[in-house]
Protein chains: 2
Amino acid sequence: MHVLIVHAHPEPASFNGALTGQAVATLTEAGHTVEVSDLYAMRFKAVADADDYATREDPAYLRIDREQTWAHRHDAVAPDVLAEQAKLTRADLLILQYPMWWFSMPAILKGWADRVLTRGFAYLPGHKYDTGLLAGKLAMVSVTTGTSADTYAPDGIDGALLDVLWPVHNGLLRYSGFDVLQPFATHMPGKADDEGRDEMLRRYADRLRHLESVPRLFFHPRSDYGPDERLLPDVIPASGFQHRPR
Amino acid sequence: MHVLIVHAHPEPASFNGALTGQAVATLTEAGHTVEVSDLYAMRFKAVADADDYATREDPAYLRIDREQTWAHRHDAVAPDVLAEQAKLTRADLLILQYPMWWFSMPAILKGWADRVLTRGFAYLPGHKYDTGLLAGKLAMVSVTTGTSADTYAPDGIDGALLDVLWPVHNGLLRYSGFDVLQPFATHMPGKADDEGRDEMLRRYADRLRHLESVPRLFFHPRSDYGPDERLLPDVIPASGFQHRPR
């Protein structure tokens with residue numbers, strides 16, 4: 001496989017950096033090829049705005065989705081966005097590596113999604129979820145947290161990890177067509193000693209060596225939804241909705 | 001009340017702009033005072049990085065949470081962050097006004113959260129959720145979407161709106177101590193005609209005129225959690241977890 005790691009941490013010597021280093025080494029050793037977009041090192045432009053469009057379909061009123069589509073069709077996509085899209089096109093597996101900040105991604109990574117996963121490249125009307133334009137590719141979140149695994153349990157104060165990641169998994173990734181692997185979470189590396197951190201890195205290497213056996217998250221296929229994009233009554237089990245991955 | 005609207009849309013003439021204009025007019029008319037942080041107009045710096053710290057506790061290794069706390073204690077908070085914190089300190093109600101981009105906030109607003117809701121200002125060890133440092137204030141999300149209310153129904157393809165907003169509601173807002181009002185969602189304003197949009201603005205004005213009767217989202221109080229920050233067995237109802245707002 002060819003793997004793209006999109007890495008978002010401001011400190012190169014951080015544990016996120018160690019995880020990405022581990023991923024490059026382990027995946028390469030296993031025969032994969034890897035490239036890394038280190039967003040902070042690249043000083044990646046985080047904010048989707050008018051500056052992204054040298055020419056516009058409508059210079060008087062900025063609608064990002066319309067201009068994204070127009071830029072795509074007119075070979076007018078901003079060079080830094082185009083470079084990221086080319087990396088995605090090459091990739092069989094996308095790994096998002098980031099620390100949980102406010103129960104979401106650092107803004108620079110959110111901006112990468114806002115600017116790179118464009119209408120025209122990642123989705124179009126009639127091409128979302130199962131039929132998203134990046135269908136056939138795999139994706140996995142590798143996230144570090146500042147609190148314990150207990151706080152991210154289903155009855156934990158921060159909410160179940162899969163609930164917290166729902167907008168990323170179902171939204172960003174599945175919407176674009178990816179098959180999504182179970183996330184890899186490293187809890188509280190900042191509180192671990194050297195031995196603890198080595199163990200965390202070994203766990204990650206182990207995950208990466210056995211990607212083929214990592215469960216994929218469940219999402220209802222398009223055929224489970226009616227024309228109103230709500231689940232058909234007969235696919236809702238008696239126990240209630242099974243809408244999010246379990 | 002004094003109200004702070006943090007507004008994130010790149011097009012001043014957008015429907016998000018109309019909603020914020022409506023809010024300023026309606027709230028002022030009702031006797032409240034209002035200020036607006038228009039993040040795109042301010043060209044607000046979205047990325048939390050080393051440039052935020054003129055002096056550092058640890059110049060050799062950047063840990064954002066540690067430097068935030070240190071800056072707070074040493075009157076060394078970046079001026080643009082300090083200005084936003086002063087607005088929050090004055091505010092009784094915070095409104096986040098944004099379009100749903102990738103089932104989350106535009107990066108510029110995520111960056112506002114990353115940089116402004118600092119360790120030392122919004123939370124500290126022992127001061128989170130019920131006891132978050134912004135306790136006593138109200139918050140409300142006002143979001144526009146590109147898809148229908150059906151897609152955000154509990155059985156909708158995008159997931160229940162309260163699930164999609166869980167990281168914002170429980171994470172960002174409740175974690176900092178806010179009481180959180182039911183969100184206000186405007187679906188597909190881009191597809192509505194003038195009359196439809198006028199009706200959407202009237203609905204929003206109506207919401208803002210009756211804030212005192214808007215339900216607050218339910219979050220378990222700290223006392224429902226054990227020392228491991230998981231719900232105590234006797235507060236989990238027989239029907240299963242009631243962890244997220246319903």
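Me: Are B:Tyr129 and B:Tyr175 buried or exposed?
Reply: In this predicted model, both B:Tyr129 and B:Tyr175 are buried. Buried stands for under 20% relative accessible area, exposed for over 50%, and partly exposed for what lies in between (1.4 Å probe, protein chains only).

Me: What makes the pair of B:Tyr129 and B:Tyr175 edge-to-face?
Reply: Rings of Phe, Tyr and Trp (its six-membered ring) pair if their centres lie within 6.5 Å; planes under 30 degrees apart are stacked, over 60 edge-to-face, and the rest tilted. The centres of B:Tyr129 and B:Tyr175 are 4.9 Å apart and the planes stand at 70°, so the pair is edge-to-face.

Me: Why is the pair of B:Phe184 and B:Tyr204 called tilted?
Reply: The two planes are 35° apart, with 4.8 Å from centre to centre; that angle is neither under 30 nor over 60 degrees, so tilted is the term that remains. B:Phe184 and B:Tyr204 are both buried.

Me: How do you know that the two copies are related as by a two-fold rotation axis?
Reply: A turn of 180° and a shift of 0.0 Å along the axis lay chain B on chain A with an RMSD of 0.0 Å. The copies are therefore related as by a two-fold rotation axis. The superposition is by least squares on C-alpha atoms of residues with pLDDT of at least 70 in both.

Me: Which residue of chain B comes closest to the rotation axis?
Reply: B:Ala107, at 2.4 Å (C-alpha).

Me: How are residues and chains labelled, and what was counted?
Reply: Residues are numbered from 1 along each chain as its sequence is written, and chains are lettered from A and ligands numbered from 1 in the order in which they are written. Local features need pLDDT of at least 70 and side-chain atom pairs 80 or more, while totals for chains, interfaces and linings use all residues; side-chain values use heavy atoms, without hydrogens and water.
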